[in-house]
Amino acid sequence: MTVSFLSATASAAEYLSEHAQVHSLLNGSRLQGIYLRTNTPYSLSFHTDGTVVNQKDERGRWWVNQQGQYCRVWATGRLKGNLACLNLTQEGEKIAI
């Protein structure tokens with residue numbers, strides 16, 4: 001499944017917060033988006049084994065924490081070691097962070 005990734009501001013009440021829902025949404029999916037700062041496209045592939053791979057073949061690990069946030073830590077590439085947990089919202093086929 002390919003889903004669009006957007007950057008948006010959402011109130012906390014709109015965030016997805018159920019672990020199973022967020023995991024199901026991402027697991028095995030490929031997300032495509034635009035970096036708003038640089039207006040350049042990117043993609044993230046969420047493999048079922050817990051690895052995440054971007055369009056530059058940089059790799060990391062992804063998971064969903066107890067609060068239902070998407071978390072990832074990069075193992076390779078320019079963001080190696082960068083850890084972040086992000087809230088997600090969904091509007092149809094689009095995901096916003």
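## A tour from the salt bridge to the core

There is 1 salt bridge in this structure, which is a predicted model. Start there.

**Stop 1: D57 and R59.** Select both residues and show their side chains. D57 and R59 meet in a salt bridge, with 3.1 Å from N to O. Side chains of opposite charge can pair when their charged atoms come close. Now add the surface. D57 is partly exposed, at 47% relative accessible area. R59 is also partly exposed, at 40%.

**Stop 2: the whole chain.** Zoom out and switch to cartoon. You should find 1 helix and 9 strands. Trace them from the N terminus: the order is β-α-β-β-β-β-β-β-β-β. Colour by burial next. Of the 97 residues in the chain, 36% are buried. The chain exposes about 5,900 Å², and carbon and sulfur atoms supply 49% of that area. Consider the contacts between residues with a separation of 6 or more: 39% of them join residues 24 or more positions apart.

**Stop 3: the helix.** Select α1, residues 19–26. Which residues of α1 are buried? They are V22, L25 and L26. These three lie on the same side of α1, because they cover an arc of only 90° around the axis. An α-helix has 3.6 residues a turn, so residues three or four places apart point the same way. Rotate to the face turned away from the buried side. There you meet A20 and S24, both exposed.

Now ask what covers the buried residues of α1. Select β2 (30–35), β3, β5, β6, β8 (89–91) and β9 (94–96); the cover includes these strands. Before leaving, step just past α1 to G28. G28 takes a positive phi of about 80°.

**Stop 4: L26.** Return to α1 and pick L26, one of its buried residues. Show what surrounds this side chain. Neighbours within four places in sequence aside, L26 is in contact with L31, F46, W62, Y70, L88 and I95.

**Stop 5: the core.** Widen the selection around L26. The largest nonpolar core has 15 residues. Which of them touch the most other members? Select L26, L44, F46, W62, Y70 and L88. Then colour the elements that feed this core. At least two residues each come from α1, β3 (40–46), β5 (59–64) and β6 (70–74). In soluble globular proteins, nonpolar side chains tend to be buried together.

**Last view.** Keep α1, β3, β5 and β6 on screen. These strands help cover the buried residues of α1, and they supply residues to the core along with the helix.

Notes: Residues numbered from 1 in each chain as written. Predicted model: local features only at pLDDT ≥ 70, side-chain atom pairs only at ≥ 80, totals over all residues. Heavy atoms only, no water. Core = buried A, V, L, I, M, F, W, Y, C linked by side-chain atoms within 4.5 Å. Buried < 20%, exposed > 50% of the residue type's maximum accessible area, 1.4 Å probe, protein only. Helix = DSSP H or I, 4+ residues; strand = E, 2+ residues; numbered from the N terminus. Contact = heavy atoms within 4.5 Å. Salt bridge = Lys/Arg side-chain N within 4 Å of Asp/Glu carboxyl O. Areas by Shrake-Rupley, 256 points an atom, 1.4 Å probe, with all protein chains shown as cover. Arc of directions from axis to C-beta.
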